[in-house]
Amino acid sequence: MNFIRWEPAIRAMFHGRPLYDASLPITSSRGVVIDPAAVFPLTDDTVPIRDFLDATGYVLLKNVFSEQELTLFRSGAEKLKSMAKEGDNTSWWGKNQRGDAVLTRVIHAAVLAEFNRLYQHPQVKKIEAMLPELKAMSPDEVDGVTVVYKNPAMVAGLSDLPWHRDCGLGGHAVMCPKIICSIYLYDATPAAGALKFLPGSHKASFGFMDANDNAAPTGVTVAAKAGDVSLHYSDVMHCAPPPALGSHEYRISVLLNFDRDFQHHRGQRHYNDVLLGSEDGQIDHLAKAVEKA
């Protein structure tokens with residue numbers, strides 16, 4: 001872990017990639033200072049959205065899906081939850097404080113028609129058109145459509161995530177650039193486990209932060225409403241803090257992916273699938289993986 005903490009400095013020396021500095025203002029490609037907490041409607045004028053996304057590494061789009069659509073998606077999420085079994089290699093599990101096995105993610109959500117056809121939804125097609133260098137992942141591919149379930153009082157498994165990049169553990173070379181699209185089925189408040197981002201960190205190196213590190217940065221909380229959508233680059237630093245006990249509803253999100261037009265693997269196990277190292281569907285924290293090694 002001491003070596004891993006030196007990773008940003010090593011990258012700066014060998015690749016010239018700057019160290020992340022949270023004190024610097026975030027500016028657009030035109031040199032305009034950006035408010036990292038700004039949000040946008042998904043309109044035909046996507047230039048401001050793309051400028052913000054390129055500068056910060058993430059963006060929140062408001063009121064993308066209707067309440068009628070959300071009702072359909074919520075029903076599908078519950079159906080997937082009832083179908084999931086520990087060790088099925090299509091779902092991720094963790095444990096809560098009581099020792100109960102808890103579902104945290106289903107990675108084959110496209111088995112249901114309501115999720116399989118999401119990439120053809122007019123609003124999703126508008127998002128895809130905004131990302132000309134990327135293409136929508138096939139819904140039938142592993143991780144093509146994923147549903148994430150946020151739970152309180154988790155003590156094991158990948159549910160409450162410290163600061164990380166989705167392309168960590170060596171995934172950057174085969175994944176990036178990549179955009180993850182999160183469709184929020186319920187309000188994603190801080191109490192419900194809303195995501196946080198470090199603005200501009202996709203353009204810099206930032207060290208591993210332990211969950212209990214008092215020096216961990218605050219970041220920008222993306223407080224979304226049901227029907228909102230967030231986009232983020234897989235290599236922007238973000239975290240998924242634990243939700244508060246007693247919250248009315250916890251964050252449930254449907255995740256879509258937009259990748260470069262590149263065959264990133266050769267028909268073997270998917271990058272994220274390799275993380276499933278145990279029969280119970282739990283995924284070790286990075287620190288525990290190092291201990292095992």
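This is a short tour of a predicted model, from the whole chain down to one strand and its two neighbours.

**Whole chain.** Select the protein chain and colour it by secondary structure: eight helices and 14 strands appear. Of its 293 residues, 49% are buried. Show the surface next; the accessible area is about 14300 Å², and carbon and sulfur atoms account for 55% of that. For contacts between residues at least 6 apart in sequence, 79% link residues at least 24 apart.

**Strand 4.** Now select residues 101-106, which make up strand 4. Is this strand largely enclosed or open? With a cut-off of under 20% relative accessible area for a buried residue, five of the six residues count as buried, so strand 4 is largely enclosed by the rest of the structure. When displaying side chains here, keep in mind that in a regular strand they alternate between the two faces of the sheet.

**Strand 3.** Add residues 91-96, strand 3. Strands 3 and 4 run antiparallel and are joined by five bridges. To see the register, pick Gly94 and look across to Val102 in strand 4, which stands opposite.

**The turn.** Follow the chain from strand 3 to strand 4: the two form a hairpin, with four residues between them. Stop at Gly99 in this turn and check its backbone; phi is positive, at about 90 degrees.

**Strand 6.** Finally, select residues 145-149, strand 6. Which way does strand 6 run relative to strand 4, parallel or antiparallel? The pair is antiparallel, with two bridges joining them. Centre on Val106 of strand 4 and find its bridge partner in strand 6, Val147.

Note on methods: Residues are numbered from 1 along each chain as its sequence is written. This is a predicted model: local features need pLDDT of at least 70, side-chain atom pairs count only at pLDDT 80 or more; totals for chains, interfaces and linings use all residues. Side-chain values use heavy atoms; hydrogens and water are left out. Buried means under 20% relative accessible area, exposed over 50%, partly exposed in between (1.4 Å probe, protein chains only). Two strands pair if DSSP finds at least two bridges between them. Contact means heavy atoms within 4.5 Å. Accessible areas come from the Shrake-Rupley method with a 1.4 Å probe; for residues, only the protein chains shown count as cover.
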